[in-house]
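Here is a short report on one protein model. Please keep the sequence and the structure in view while reading.

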Amino acid sequence: MRFGNPAMPLHDTVKFLLVDDLEENLMALEALLRRDGLDLFKAKSGAEALELLLQHEFALALLDVQMMGMDGFELAELMRGTERTRRVPIIFLTAVATDEKRRFRGHEAGAVDYLLKPLDPQLLANKANVFFELGCQRQELARQRDELRTTADQLSSALSRLQAHGNNSPLALVEFDPDYCLRAWSQGAERMFGWRAGEVVGLQAAELPWTGRDAGSALPVFTAEMIAAGEVRTVHAGHAYRKDGTVVTCEWYSSALLDGAGRLVSISSQILDVTERKRAEETQQLLIGELNHRVKNMLATVQAIANQTLRYAPDPATFAADFSGRLQALARVHSLLSEGTWKGARLAGLISDQLSLGTIDGHRLTASGPELWLAPQQALHLALILHELSTNANKYGALSVPHGQVSLDWTIEDSRLRLRWTEHGGPAVSAPSRRGFGTALIEQSARAESGAAHVSYRSEGIAWEIELALPEDRMAAPAAPAIAAAAPADMPPPPPVPRPIAGRRFLVVEDEPMVALEVATALQDAGAKVVGPVGTVGDGLDLIERIQLDGALLDGNLHGEPVDALAAALTRRKVPFMFVTGYGRETLPQAFGAALILGKPFSSVDLVEAATQLVRPSGSVVPLRQQLPVSRSS
């Protein structure tokens, strides 16, 4: 039977056990001991008391000694013999006159006190209050213990989840103590760098093989600067080493843990491998620069074709037809290259394009030679050559009369393409008094590929011998037929316009034949003398050493080869120079950052003005932004 405050939860109260075989004694004890926070359980026999002891945790048991059946001493002995009830405090209550023997038996049975009836209410209340307070304290300690156990379980679970996340993370998680000794090394670090935790944990920063010897001094300095700046978290880039010796580009996300006095407790770092990202960014920048260069080179080529076509066109209709044809030839070869992802194009495909454009009648062309795979730049140049040959054969050569024929054959000898274009049955031909644009274009295009082009004016028709260098790793296939074209018409150019650079000698270094022709023409029209154009570093160095020059115009690179050696040679000989390029300043030789840049595409006026300033009396070179605001560089 339970007595106490029914509103208080059972697990929040202290419990006393009252055992007496007389109901009135139990009621008297209950009335004497009742208080908030105390639950009183009453039993009228030892057996009933034992049942309650198995069900509840008691802070005190008050046992009557004289009871029917099992007396208080026997109940106490049973309680002391059971682990569950062994530590329950016992106070014996008895109305029988006692002697020292009975009192000794009570204490021997485990009693903490032995009180005689009638009881002193105040004495009993004071003694019970001690055990009530002890019970309250014990319950508070149990509550705190349970809370700590719950918190510990939650913390253990959180740490387990954190450990799992850390082990599965692509980040390397490391921790240093205040003496910069490595204390933690995650599985992510093992995967990223190759060392197991046992191989590096415990090493000082200066001894760590993955950060290099500089870490011993760099880490303390970096940490001190971070704390001095009032920061506890920061990001910085750096390098580390894998176990196999390869370098890893990293981003470090570091935190400094400080105690209440501001002293360093530990440094935690999360390290991200950004090697591939940095490589991708560098590749992207390279590709953007290369694309920019190619686009500007193409625009400059188109501009040069337009200017040169206009220069030799007798009327607007002729200009429109010639310019459109040349642009179509460029567009068709670009389509062929795009279909092959810019790996190259077949020679037969270039000839078929001329058939599809209608510049050649397939029934009047005889062609033979091995199938040949051309590099992209070679394909562009050869497409222009074939277009000029076929267009001029239609206008002035064998294909301009009903029965004229053209034969085109080519061979590959010693890594060189030898192409022969021969016309038969056309109008009578003779050598022109002036070289025309078509002739110049064919010769420049062949020269750009380390080759040459020669024309013969025979009575039976014009003939061309064209030679181009082929790369060693070219792709070849079985023989297949193709088609070609005839000789260009020659018309006198307009007279040159005098300019301040008249009589000055300029070296022109440009690997794109149309751009080279445009640069040379603009300089010559202004009265300058042109040395070159040349398209290789070796040829340029030879001319620099042999010829006295007033200035030089350099392309940004020549078929992928940097022009640093040319710029250095010109500087050594005190020859002013400028870059004529589609590249931006950041991709040009860093040692010549103050050099003038004329961006592609450019106008003839821009080029002549730049050349004029290049050789002005002071002879110094001024950056483009101060010197030629109208010119464009990227």
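## Naming and model

Strands are DSSP runs of E with at least two residues, and they are numbered from the N terminus. One of them, β21, spans residues 529-534 and contains Pro533. The model is predicted.

## Backbone exceptions

Most peptide bonds are trans, and most residues other than glycine have a negative phi. The cases below depart from that pattern.

Pro533 of strand β21 follows a cis peptide bond from Gly532, with omega near -5°. A cis bond also joins Lys117 and Pro118, where omega is about -5°. Pro118 sits in a loop, between β6 (111-116) and α5.

Two residues combine a positive phi with a loop position. Tyr180 is not a glycine, yet its phi is about 60°. Its loop runs between β7 (172-176) and β8. Asp414, also not a glycine, has a phi near 50°. Its loop links β15 and β16.

Is each of these two residues buried or exposed? Tyr180 has 15% relative accessibility, so it counts as buried; the cut-off for buried is under 20%. Asp414 has 73%, so it is exposed; the cut-off for exposed is over 50%.

## Nonpolar cores

In soluble globular proteins, nonpolar side chains tend to be buried together. Here the largest nonpolar core has 32 residues. Which members touch the most others? They are Leu347, Leu382, Leu408 and Ile466.

Helices and strands both feed this core. The helices that give two or more residues are α11 (347-357), α12 (376-395) and α13 (437-448). The strands that do so are β13 (365-368), β14 (370-374), β15 (405-413), β16 (416-424) and β18 (461-469). Helix α12 gives the largest share, seven residues.

Another core lies apart from this one and holds 25 residues. Among them are Val174, Ala189, Phe222 and Tyr180. Tyr180 is thus a core member with a positive phi.

## The largest pocket

Rolling a probe the size of a water molecule over the atoms shows where empty space is left. The largest pocket holds about 580 Å³ of space. Its lining has 23 residues. Glu57, Gly135, Arg138, Gln139 and Ala142 lie nearest the centre.

Which elements give two or more residues to the lining? They are β2 (14-19) and α5 (121-168). Helix α5 gives the most, with nine residues. By type, the lining divides into ten charged, nine nonpolar and four polar residues.

## Ser186 and its loop

Ser186 lies in the loop between β8 (182-185) and α6 (187-193). Its relative accessibility is 10%, so Ser186 counts as buried. A polar atom of the Ser186 side chain lies 3.3 Å from the backbone nitrogen of Gly188.

## Cysteines

How many disulfides does the model contain? The count is zero, with a cut-off of 2.5 Å between cysteine sulfur atoms.

Two cysteines show how surroundings can vary. Cys250 has a relative accessible area of 1%, so it is buried. Cys136 has 28% relative accessibility, so it counts as partly exposed; that value falls between the cut-offs of 20% and 50%.

How values were computed: Residues numbered from 1 in each chain as written. Predicted model: local features only at pLDDT ≥ 70, side-chain atom pairs only at ≥ 80, totals over all residues. Heavy atoms only, no water. Core = buried A, V, L, I, M, F, W, Y, C linked by side-chain atoms within 4.5 Å. Buried < 20%, exposed > 50% of the residue type's maximum accessible area, 1.4 Å probe, protein only. Helix = DSSP H or I, 4+ residues; strand = E, 2+ residues; numbered from the N terminus. 1 Å grid on protein atoms, 1.4 Å probe; cavity = no way out; pocket = protein on both sides within 12 Å on 5 of 7 lines; lining within 4 Å. Points joined across faces, edges and corners; volume = space filled by probe spheres on them. Nonpolar A, V, L, I, M, F, W, Y, C, P; charged D, E, K, R; others polar. Polar contact = N/O pair within 3.5 Å; in protein donor to acceptor, adjacent residues only side chain to side chain.
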